[in-house]
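Please open the structure in your viewer and keep the selection panel at hand. The tour begins with one pair of elements, proceeds to a single residue and ends with the whole chain.

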Amino acid sequence: SGEECAGRFLDVHNYYNRYINMFAKDSKMGEIGYLEYLDRMGLFMSIDITKVKAKPDYQSYISDLLNYLQNFHRRAQPLVEVNIETALKQFNEQWSKGTVPGWRTKFPEDDAIIRIGYTAEKFLETLGGEGLKMELLYRGLKCGGRPIDRANRLIKCIKNKRELKVEQGKETELQSMSSPYPPKDRLAKGFNSKLIAKTEVLIQVYVEHLGEIVDATKARVIKKQTQSYEELEQEIAAEEALGEVDLDALDEEDDDEQILSNPLNLPLGWDGKPIPFWLYKLHGLGVEFKCEICGNYSYWGRRSFDRHFQEWRHAHGMRMLKIPNTKHFHDIVKIDDALALHKKLNSRLENEFDTVEEFETASGMKVDRKTFEDLKRQGLE
């Protein structure tokens, strides 16, 4: 769909609406937002079996959600495999042991518990800490504290919930260890507990596998909540333009990205390709110029050589020689030539200073000839 943006995000708005409709009577679960639903999409442990999981709507919901996730993975990541066999093998082992999270697979009936006087220690020995936690969650009770505290809390709940009429001289053994759920008259017709639990496990596997896409979907939802209408319109237009990419153009780009042959080691142009050979010859890029002042650095082509006199490398070399980098030293690349020219320029300046005529004014001030004549014309000498 357009909301998926070519496999970058999930589009589960339809399943979100079905989810909150199933919990319409629940003030907490029925009022969650789309962002919170993305966090809960793979969590099923806290959902009540009798009130929700046993209903046909729930079975249809998880079946359609699993089909969507499988279809999305097939379209978005066709070359990536999901390790389903390992997850199913682990599920079958947990189901046979009665340790599937959110499901009671081996727990005695409340009547039998009270008849034979089940103690907290017996509970702890039979179910263990995690099993007690699952049973308390199933009954909607607090599941924290030490394991022995959980067992005492569970026994207290069972005794307060039911008042049994125990027949004298008749104590039944624990017969319903394989009775996994509440009485059958409270479950929907055609209720297959193992199939539903298996579907939930597969959804969790796909949600975990698509974790990066789920996180990207959450970030996109948060971003949309802070955008204005104009920004949303611009983003939709950009996404539509992105979706209309020409496949032929992509093939051409792939061809362009192939490794190009460059046996003559020609310089690369602006497009990343070697420049034509005639242009290489025209600019004289095959001619090497070396500059001793720059540390015998090589420059290819006259243009590059002329430009280097104003660059940092040549200026640094002149500064080390204590010579000013002026236009007089253009095309000078030898250190001896630069020192000789610098010495010649200094001697010429000294000779010019020696031939300067000096005149003394009436006030005793010494000036050159031009200044003296200007003062004389003005009558100020």
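In this predicted model, begin by displaying the side chains where helices α1 and α4 touch: Y15, R18, Y19 and M22 of α1 are in contact with D57, Y58, S60, Y61, D64, L65 and Y68 of α4. By residue class, this contact comprises seven nonpolar, one polar and three charged residues.

Next, select the two helices in full, residues 13–22 for α1 and residues 56–76 for α4. How do their axes cross? The axes approach to within 11 Å, at an angle of roughly 160°. Because angles over 145 degrees count as roughly antiparallel, α1 is described as roughly antiparallel to α4. The crossing of α1 past α4 is left-handed.

Now move along the chain to helix α15, residues 312–320, and select G317 within that helix. Is G317 buried or exposed? Its relative accessible area is 9%, so G317 counts as buried. Add C294 to the selection: this residue is 23 positions from G317 along the chain, yet the two C-alpha atoms are separated by 5.7 Å.

Finally, clear the selection and show the whole protein as a cartoon. The secondary structure consists of 17 helices and four strands. Of the 381 residues, 30% are buried. Among contacts with a sequence separation of 6 or more, 53% join residues 24 or more positions apart. Switch to a surface representation to conclude: the protein exposes about 25900 Å², and carbon and sulfur atoms supply 51% of that area.

Key
Residues numbered from 1 in each chain as written. Predicted model: local features only at pLDDT ≥ 70, side-chain atom pairs only at ≥ 80, totals over all residues. Heavy atoms only, no water. Axes fitted to C-alpha atoms, helices over the stretch in contact; angles between N-to-C directions. Parallel < 35°, antiparallel > 145°, perpendicular 65-115°, else oblique. Left-handed = near helix turned anticlockwise from the far one by under 90°. Contact = heavy atoms within 4.5 Å. Nonpolar A, V, L, I, M, F, W, Y, C, P; charged D, E, K, R; others polar. Buried < 20%, exposed > 50% of the residue type's maximum accessible area, 1.4 Å probe, protein only. Areas by Shrake-Rupley, 256 points an atom, 1.4 Å probe, with all protein chains shown as cover.
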